[in-house]
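Grab a coffee and work through these exercises with the model open beside you. Each task comes with a solution that goes step by step.

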Amino acid sequence: ELGIAVVFINTHVPNLPNLAFVGQDAFRSGLVAAQLLDLCACCPDETEIVVVNIMSEKGGSAHLMSREEGFRSYFSQKSAHQPSIVSLNVQENSSPEIREALRQGLLEKNGKLRAKGIFVTNSRVYHVAGFLEEVGKGNTRLIGYDLLERSITHLHNGNIDFLISQNPAAQGYNSFMALFDTLVLKKEVEKFQYLSIDIITRENIDYYLNQPVHE
């Protein structure tokens with residue numbers, strides 16, 4: 001109503017007059033996560049895969065749901081390798097509450113992990129990594145998002161197998177440039193500015209962190 005230009009970062013809210021959206025294609029990033037687990041050969045028939053949504057607010061978030069939809073879509077399109085995909089929605093804030101929810105959702109009665117692969121749909125993957133470190137990760141593969149310090153430590157230690165970087169520096173830079181181009185240069189900007197889906201491992205993370213934000 002005030003005519004103030006707005007750019008959405010990371011999460012696109014449909015049917016609103018925003019200037020632009022800057023972030024990843026959430027559905028496609030879910031596809032990438034599923035392919036990574038599939039390539040790890042941990043998804044034969046009847047194997048259980050758990051999608052963990054750790055949400056700080058009830059009702060979840062649209063981009064987390066889009067990631068899960070993309071993840072499920074990958075396996076639904078395959079004629080072979082149809083694992084059982086289970087959602088674990090954790091709507092807690094404190095670490096003890098999250099740990100208890102993970103214990104109930106990820107462990108069998110004998111205390112062993114029920115899943116061969118775990119996909120955490122946001123940056124709170126370090127909670128799951130810490131839990132797996134306590135109970136014994138074994139051959140279970142873990143994928144999550146963002147290069148938080150705690151998650152990087154778990155990546156180096158092998159508790160996390162892959163991190164998908166959302167490149168927050170590029171998100172901020174591109175968002176600012178969209179505003180600058182519109183308000184100062186009077187240029188039209190692209191409505192959807194999707195960023196790359198970067199796969200980070202402990203073998204390449206040091207090189208990735210040393211890259212400049214822009215060429």
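**Exercise 1.** Which residue in β4 does V51 stand opposite?

*Before you start.* This is a predicted model, where local features need pLDDT of at least 70, side-chain atom pairs count only at pLDDT 80 or more, and totals for chains, interfaces and linings use all residues. Residues are numbered from 1 along each chain as its sequence is written, and side-chain values use heavy atoms, with hydrogens and water left out.

*Solution.*
- Step 1: Find strand β4, residues 84-90, which runs parallel to β3 and is joined to it by 7 bridges. (Strands are DSSP runs of E, at least two residues, and helices are runs of H or I, at least four, numbered from the N terminus; two strands pair if DSSP finds at least two bridges between them.)
- Step 2: Look across from V51, and you land on S87 in β4.
- Step 3: Now try β5, which pairs with β3 in the parallel sense over 4 bridges. Here I49 stands opposite G117.

**Exercise 2.** Work out how covered β3 is, and which way its residues point.

*Solution.*
- Step 1: Count the buried residues (buried is under 20% relative accessible area, exposed over 50%, partly exposed in between, with a 1.4 Å probe and protein chains only). In β3, 7 of 7 residues make the cut.
- Step 2: Sort them by direction. E48, V50, V52 and I54 point one way, while I49, V51 and N53 point the other way.
- Step 3: Set this against the whole chain, where 46% of the 215 residues count as buried.

**Exercise 3.** Explain why helix α4 can be called largely enclosed.

*Solution.*
- Step 1: Helix α4 covers residues 125-135, and 8 of its 11 residues are buried, so the rest of the structure largely encloses it.
- Step 2: Name some of them: the buried set includes Y126, H127 and F131.
- Step 3: Look for the neighbours. The buried residues of α4 pack against β3, α3, β5, β6, α5 and β7. (A contact means heavy atoms within 4.5 Å.)
- Step 4: Check what comes next: G136 follows α4, with a positive phi near 100°.

**Exercise 4.** Track down some salt bridges and say where their partners sit.

*Solution.*
- Step 1: Side chains of opposite charge can pair when their charged atoms come close. The rule used here is a side-chain nitrogen of Lys or Arg within 4 Å of a carboxyl oxygen of Asp or Glu. Searching the whole structure gives 9 salt bridges.
- Step 2: K78 and D38 make one of them, at 3.2 Å from N to O. This pair links distant parts of the chain, with K78 in the loop between α2 and β4 and D38 in helix α1, 40 residues apart. K78 is partly exposed, at 24% relative accessible area, whereas D38 is buried, at 14%.
- Step 3: R72 and E68 form another, with their closest N and O atoms 3.0 Å apart. Both lie in helix α2, 4 residues apart, or about one turn of the helix. R72 is partly exposed at 31%, but E68 is buried at 9%.
- Step 4: K137 meets D161 at 2.9 Å, N to O. Both K137 and D161 are buried, and together with R141 they are linked in a network of salt bridges.
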